[in-house]
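Reader: Before planning any bench work, I would like to go through this protein chain with you, one question at a time. Could you show me the sequence and the structure to begin with?

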Amino acid sequence: MTIENSMLMYPENTQRLERYEQLQDAIYAKRDEIKKMEVTKEDLEADIDEKYEELGDLQREVTEL
């Protein structure tokens, strides 16, 4: 039996397959979104660390005055 015949005889399988493919696409898209957010998070954490270092430098300078 060909896939086409199977789809005609069992439309619920076709619907399930289509839904499965939609869900897989959504999963991959969500994973990509999370990866981008993690990169952004790492960049922000690095920026925050740098700002804390700058703040520490300024506080040390004030203490030396």
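**Helices, surface and charges**

Author: The protein chain holds 2 helices and 0 strands, and the reader should keep in mind that this is a predicted model.

Reader: What percentage of the residues of the protein chain count as buried?

Author: A residue is called buried here when its relative accessible area is under 20%. The protein chain has 65 residues, and the share of them that counts as buried is 3%.

Reader: How much of the accessible surface of the protein chain belongs to carbon and sulfur atoms?

Author: The accessible surface of the protein chain adds up to about 6,400 Å². Of that area, the part that belongs to carbon and sulfur atoms is 55%.

Reader: How many salt bridges does a search of the whole structure find?

Author: The criterion asks for a side-chain nitrogen of Lys or Arg within 4 Å of a carboxyl oxygen of Asp or Glu. With the whole structure searched, the number of salt bridges found is 3.

Reader: Which residue forms a salt bridge with K30, and how are the two placed in helix 2?

Author: K30 and its partner are 3 residues apart in helix 2, so about one helical turn separates them. K30 is partly exposed at a relative accessible area of 45%, and the partner is also described as partly exposed, with 39% relative accessibility. The closest N and O atoms of the pair are 3.4 Å apart, and the partner of K30 is E33.

Reader: How far apart are the closest N and O atoms in the salt bridge of K51 with E54?

Author: K51 and E54 lie 3 residues apart in helix 2, which means that about one helical turn separates them. K51 is exposed, with a relative accessible area of 52%, whereas E54 is partly exposed, with 37%. In their salt bridge, the distance between the closest N and O atoms is 3.8 Å.

Reader: What is the distance between the closest N and O atoms where R60 forms a salt bridge with D57?

Author: Because R60 and D57 are 3 residues apart in helix 2, they are separated by about one helical turn. Both ends are partly exposed, R60 with a relative accessible area of 48% and D57 with 44%. The closest N and O atoms of this salt bridge are separated by 2.4 Å.

Reader: Where is D43 placed, and which residues gather with D43 in a patch of negative charge on the surface?

Author: D43 sits in helix 2, which covers residues 11-64. D43 has a relative accessible area of 46% and is therefore partly exposed, and a residue needs over 30% to be part of a patch. The residues that gather with D43 in this patch of negative charge are E38, E42, E45, D47, D49, E50 and E53.

Reader: Which residues make the nonpolar surface patch of about 420 Å²?

Author: One of its members, Y52, has its place in helix 2. Y52 is exposed, its relative accessible area being 59%. The nonpolar patch, with an area of about 420 Å², is made by L44, I48, Y52 and L55.

Notes: Residues are numbered from 1 along each chain as its sequence is written. This is a predicted model: local features need pLDDT of at least 70, side-chain atom pairs count only at pLDDT 80 or more; totals for chains, interfaces and linings use all residues. Side-chain values use heavy atoms; hydrogens and water are left out. Helices (H or I, at least four residues) and strands (E, at least two) are DSSP runs, numbered from the N terminus. Buried means under 20% relative accessible area, exposed over 50%, partly exposed in between (1.4 Å probe, protein chains only). Accessible areas come from the Shrake-Rupley method with a 1.4 Å probe; for residues, only the protein chains shown count as cover. Patches are made of residues with over 30% relative accessible area and no salt bridge: like charges are joined within 9 Å, nonpolar side chains (Val, Leu, Ile, Met, Phe, Trp, Tyr) within 5 Å. Lys and Arg count as positive and Asp and Glu as negative; His and the chain ends are not counted. The place of a charge is taken as NZ of Lys, CZ of Arg, CG of Asp or CD of Glu.
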